[in-house]
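Trainee: Please walk me through the strand pairing in this model at residue level, starting with one pair of facing residues. After that, I would like to see what lies around it and how the other sheet is put together.

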Amino acid sequence: RRSVTLASRPKGAPTLDNFEMREEVMPKPGEAEVLTRTLWLSLDPYMRGRMSDKASYAAPIAIGAPMTGETVGEVVESRDPRFTAGDIVVGAFGWQSHIVSSGDRLTIVPTGVPYSAYLGVLGMPGATAYAGMTEIGQVKPGETVVISAASGAVGAVAGQLAKRAGARVVGVAGNPDKCLYIQDTLGFDECIDHRAVMDLGSALRDACPKGIDVYFENVGGDLQDAVYPLMNDYGRMIMCGMVAEYNDTKPRPGPNLMDVVKKRLRIEGFIVTDKLQRFVDWRAMATPWVADGSLHFREHVVDGLENAPEAFIDLLRGHNFGKLVIRVAEP
Ligand code: NDP
């Protein structure tokens, strides 16, 4: 089997030298284990954190170990009676062409929507948007919601949920094509191209004349600084991620957190995997929307496990347009 392993820890932005492609003998499933052939591999910004050995909510990947990641695979051989060869399963396994795992870590993927959707809109990113919007955002009709990285896996779902809740939704994204997609396909009210505007603060003020009630934070950095003073009283900042800062080598000067006290803002981080019921609830709600086409999702497909390192580096530069997935093999 082929694996992409962590060769060294990045300093700043990851480079191809940080990854190594390895060929190994094909593993055999032991008692209650299942051998799967990977069809789809998800690449996500959180993986940058796992490459570092700084203290975090999850353990770092060991040097020489496969990169971790969610996958959709086809069962090749099963020693767990719940699975048979040919079943399509989703699980968290890593950048590998074939994986042996306990059957307890596998979920059979229902038919009806593309398998790769279980890595994006119906997977961890979709559940992340759902958790953030429902548990922290709690959007009311007429409120103004700003979504960063709005064309991405999390942001696209988050903004569509805010529209469904009756909000005025403003997306922020990194190029004109993304903005067009955000307005024309996803149905957001406005989109700001953060790479094109001279002054993010005034662009946001124009787009949000009544201030911002809910901010879905995916990027951090300059955008967070620009959003922060526009937050309304009792605003909610959904602190989901700060991808713009993942490659930083030095901490940035922090925001003045006194405003959190003064405006009774709620700034709250969360980890989607803490409550696995979210995945169940979200899939039950969203699968029909995906099946009937009313919940839009866009995928950026890269072919070949060997191209995963380069695609991952590009993800952190914003070169992906939609949920980045690797097509590892044909089903
Ligand atoms: P995306 O599909 O949105 O891809 C990342 C996007 O981030 C890029 O396309 C780019 O969009 C933007 N970006 C990257 N670098 C920069 C930069 N330097 N400055 C500004 N924007 C940048 O990724 P996901 O939807 O998978 O993830 C979005 C966020 O959600 C991440 O921060 C991630 O860590 C977080 N997350 C948190 C979870 C949790 O449990 N808390 C779970 C899952 C994800 P653009 O060009 O439009 O700016």
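Mentor: Let's start with Glu 74, which stands opposite Ile 88 in β5. Five bridges join β4 to strand β5 (residues 88–92), and the two run antiparallel. Strands pair here if DSSP finds at least two bridges between them; helices (H or I, at least four residues) and strands (E, at least two) are DSSP runs, numbered from the N terminus. This is a predicted model, in which local features need pLDDT of at least 70 and side-chain atom pairs count only at pLDDT 80 or more, while totals for chains, interfaces and linings use all residues. Residue numbers start from 1 along each chain as its sequence is written. The protein chain has a mean pLDDT of 94, with 98% of its residues at 70 or more; pLDDT is the predictor's confidence in each residue, from 0 to 100. The model scores are ipTM 0.98 and pTM 0.89.

Strand β4 (residues 70–78) is also joined to β3, by seven bridges and again antiparallel. In that pairing Thr 36 faces Val 75 in β4.

Just before β3 comes a loop worth a look: Ala 32 sits between β2 and β3. Ala 32 is partly exposed, because 13 other C-beta atoms lie within 10 Å; with C-beta atoms placed from the backbone, 20 or more such atoms make a residue buried, 12 or fewer exposed, and anything in between partly exposed. Beyond its neighbours within four places in sequence, Ala 32 is in contact with Arg 79, Asp 80, Ser 102 and Gly 103, where contact means C-beta atoms, placed from the backbone, within 7 Å. By comparison, Gly 69 lies 37 residues from Ala 32 along the chain, and their C-alpha atoms are separated by 22 Å.

β3 (33–42) also helps to cover helix α9. The buried residues of α9 (residues 308–317) are Ala 308, Pro 309, Ala 311, Phe 312, Ile 313 and Leu 315, and their cover includes β1 (2–6), β2 (19–23), α1 (46–50), β14 (299–303) and β15 (323–327) as well. Just after α9, Gly 318 takes a positive phi of about 85 degrees.

Now for the other sheet. Six strands form an open sheet in the order β10-β9-β8-β11-β12-β13, with parallel pairing. Its edge strands, β10 (190–193) and β13 (266–269), each pair on one side only. On average, neighbouring strands are turned by 15 degrees against each other, direction ignored; axes are lines fitted to C-alpha atoms, for helices over the stretch in contact, and angles run from 0 to 180 degrees between N-to-C directions. Within the sheet, β11 (residues 212–217) and β12 (residues 231–239) pair over five parallel bridges, and Tyr 215 has Met 237 in β12 as its bridge partner. Helix α2 packs on the sheet, touching β11, β12 and β13, with its direction at about 145 degrees to that of β12. Helix α4 (residues 176–184) also packs on the sheet, touching β9 (168–173) and β10, at about 170 degrees to the direction of β10.

Two loops flanking β8 deserve a backbone check. Gln 138, in the loop between α2 (124–137) and β8 (144–147), has a positive phi near 40 degrees without being a glycine. Ala 149, between β8 and α3 (153–164), likewise has a positive phi, about 45 degrees. Their surroundings are worth setting side by side: Gln 138 is partly exposed, with 14 other C-beta atoms within 10 Å, whereas Ala 149 is buried, with 27.

Methods. Contact = placed C-beta atoms within 7 Å.
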